[in-house]
Amino acid sequence: MKKVHIELVPGQPHIPLLFPNLGAIDRPERLFTNSALQTLREPFVEIAEDPAGADYLLVPHDFYRIAGETEYLARVVARAREHGKKVLIFDYSDYDSPIEVPDSIIFRYSQYRYKKAPNEIIAPPFVEDLGAGGVTPRMKGERAVVGFCGWADFDSPGRRLRYYAKLILVELRALAQGARLRAHRPGLYFRRAALARLSRSALVAVNFLIRKTFSAHAHSILSDPQTARREYIENMRASDFVLAPKGDGNYSMRFYEALSLGRIPLLIDTETVLPLEEHIDYSSFILRVSSKDIDRLPQIVADFYASLSDAEFRGMQERARRAFDSKLSGEAFLRYAFLHLL
């Protein structure tokens, strides 16, 4: 087991990696992520009192909660250099800005392929294991059923206006700096574009439940949380493919929830970097479609579905669940990373 030396910043919560060592932190406002975090019981690392005896120096807080603590970070970096160690950093935000801490290894959720630094490791978010009670593969039908339950509309004119203002800003930056920046369009753009194309096509069957706010946070959900969650899970179970565009960050929690249920994510690729891409054959259990090909999305899905035999379709679902179990749940990823990546 790797040993880490830590210095806590008073008043700041520690990261999930340390829940087994220092105790879990309850975040009830995170309606469904919170329950996933409470399952972390067996330690991933050992805490070393002396940095000389540690394998790494670990920043024990989500990076952007302490990014302004410049003296603290300088002290950690200096101590790491003194002892010839690397600094481990965890960024659980939606940001993709460079984290410029010398001699660091950075675990983060959100990044774009063209921006990814050599010292960055993409991690999966912590999600509930929706298939913990058992997974039932779907039988192949006449047409592919594409499912989506979630936020893709607006609850007020003000929110709609802010969305279009943000979209215009991204387009202006893309014109000035390069078309790659179009991958930075808001997640709602890719959701709405994909949903519109799929809804208008007879090539696929759609299973959509559109909401006007984000339903995974206590401050934004408009309906009863348990009802909303039940509808969300049942929507996935009743679908062959689960539409999984990016959110505010360039990653999708829905992607991993679909895997946990043994469903095939339909990933809208916005310069997306997936965890452990060098170690996992994603093509064997997901369908990845470039964001540049959204106009052709129904045809791509229909052709791919038609190319699968019944056994191949079932196999994709089974491999999706196995990938979640072995490497892509938050807990499995941390165990794999600390055993094989560091």
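Arg314 counts as partly exposed, because its relative accessibility is 38%. Its salt-bridge partner is Glu318, with the closest N and O atoms 3.0 Å apart. Glu318 is at 32% relative accessibility, so this residue also counts as partly exposed. Both residues sit in helix α10 (residues 310–328). They are 4 residues apart, about one turn of the helix. The model described here is predicted.

## Salt bridges

The whole structure holds 27 salt bridges. Side chains of opposite charge can pair when their charged atoms come close. Three of the pairs are set out below.

| Pair | Closest N and O atoms | Location |
|---|---|---|
| Arg314 and Glu318 | 3.0 Å | both in helix α10 (residues 310–328) |
| Asp91 and Arg108 | 3.0 Å | strand β4 and strand β5 (residues 104–108) |
| Asp269 and Arg288 | 3.4 Å | strand β10 (residues 264–269) and strand β11 (residues 287–290) |

Take Asp91 and Arg108. Their side chains meet at 3.0 Å, N to O. The pair links distant parts of the chain, 17 residues apart, with Asp91 in β4 and Arg108 in β5. Are these two residues buried or exposed? Both Asp91 and Arg108 are buried.

Next comes the pair of Asp269 and Arg288, at 3.4 Å between the closest N and O atoms. Asp269 lies in β10 and Arg288 in β11, so the salt bridge ties together parts that are 19 residues apart in sequence. Asp269 has 12% relative accessibility and therefore counts as buried. The cut-off for buried is under 20% relative accessible area. Arg288, at 31% relative accessibility, counts as partly exposed.

Return briefly to the helix pair. Arg314 at 38% and Glu318 at 32% both count as partly exposed. Beyond single pairs, salt bridges that share partners build one network. Its members are Arg113, Arg180, Asp269, Glu271, Glu277 and Arg288.

## The six-stranded sheet

What is the strand order of the open sheet? The 6 strands run β2-β1-β3-β4-β5-β6, with parallel pairing. The edge strands are β2 (46–47) and β6 (120–122), each of which pairs on one side only. Helix α4 (residues 70–83) packs on the sheet. This helix touches β1 (3–6), β3 and β4. The direction of α4 makes about 170° with that of β3.

The pairings can be followed strand by strand. β1 and β2 pair in the parallel sense over 2 bridges. There, Val4 has Ile47 in β2 as its bridge partner. β1 and β3 also run parallel, joined by 3 bridges. His5 stands opposite Leu57 in β3. Strand β3 (residues 56–58) is joined in turn to strand β4 (residues 86–91) by 3 bridges, again parallel. Leu58 stands opposite Leu88 in β4.

## His5 and Ile6 in β1

In a regular strand the side chains alternate between the two faces of the sheet. His5 is found in strand β1, and so is Ile6.

His5 has 10% relative accessibility, so the residue counts as buried. Leaving out residues up to four places away in sequence, His5 touches Ala48, Glu49, Asp50, Pro51, Ala54, Tyr56, Leu57, Leu58 and Arg79. Among these is Leu57, the residue opposite His5 in β3.

Ile6 counts as buried because its relative accessibility is 15%. Which residues does Ile6 contact, leaving aside neighbours within four places in sequence? They are Leu18, Leu22, Ile47, Leu58 and Pro60. One of them, Ile47, is the bridge partner of Val4. The C-alpha atoms of Ile6 and Gly178 are separated by 41 Å. Those two residues are 172 residues apart along the chain.

## Helix α11 and a surface patch

Helix α11 (residues 330–341) has buried residues Gly330, Ala332, Phe333, Leu334, Tyr336, Ala337 and Phe338. What covers them? The cover includes β4, β5, β6 and α10. Helix α10 also carries the pair of Arg314 and Glu318.

At the surface, Ile168, Leu169, Leu172 and Leu175 make a nonpolar patch of about 440 Å². Ile168 has its place in helix α5 (residues 157–177).

Note on methods. Residues are numbered from 1 along each chain as its sequence is written. This is a predicted model: local features need pLDDT of at least 70, side-chain atom pairs count only at pLDDT 80 or more; totals for chains, interfaces and linings use all residues. Side-chain values use heavy atoms; hydrogens and water are left out. Patches are made of residues with over 30% relative accessible area and no salt bridge: like charges are joined within 9 Å, nonpolar side chains (Val, Leu, Ile, Met, Phe, Trp, Tyr) within 5 Å. Accessible areas come from the Shrake-Rupley method with a 1.4 Å probe; for residues, only the protein chains shown count as cover. A salt bridge is a side-chain nitrogen of Lys or Arg within 4 Å of a carboxyl oxygen of Asp or Glu. Two strands pair if DSSP finds at least two bridges between them. Contact means heavy atoms within 4.5 Å. Axes are lines fitted to C-alpha atoms, for helices over the stretch in contact, and angles run from 0 to 180 degrees between N-to-C directions. Buried means under 20% relative accessible area, exposed over 50%, partly exposed in between (1.4 Å probe, protein chains only).
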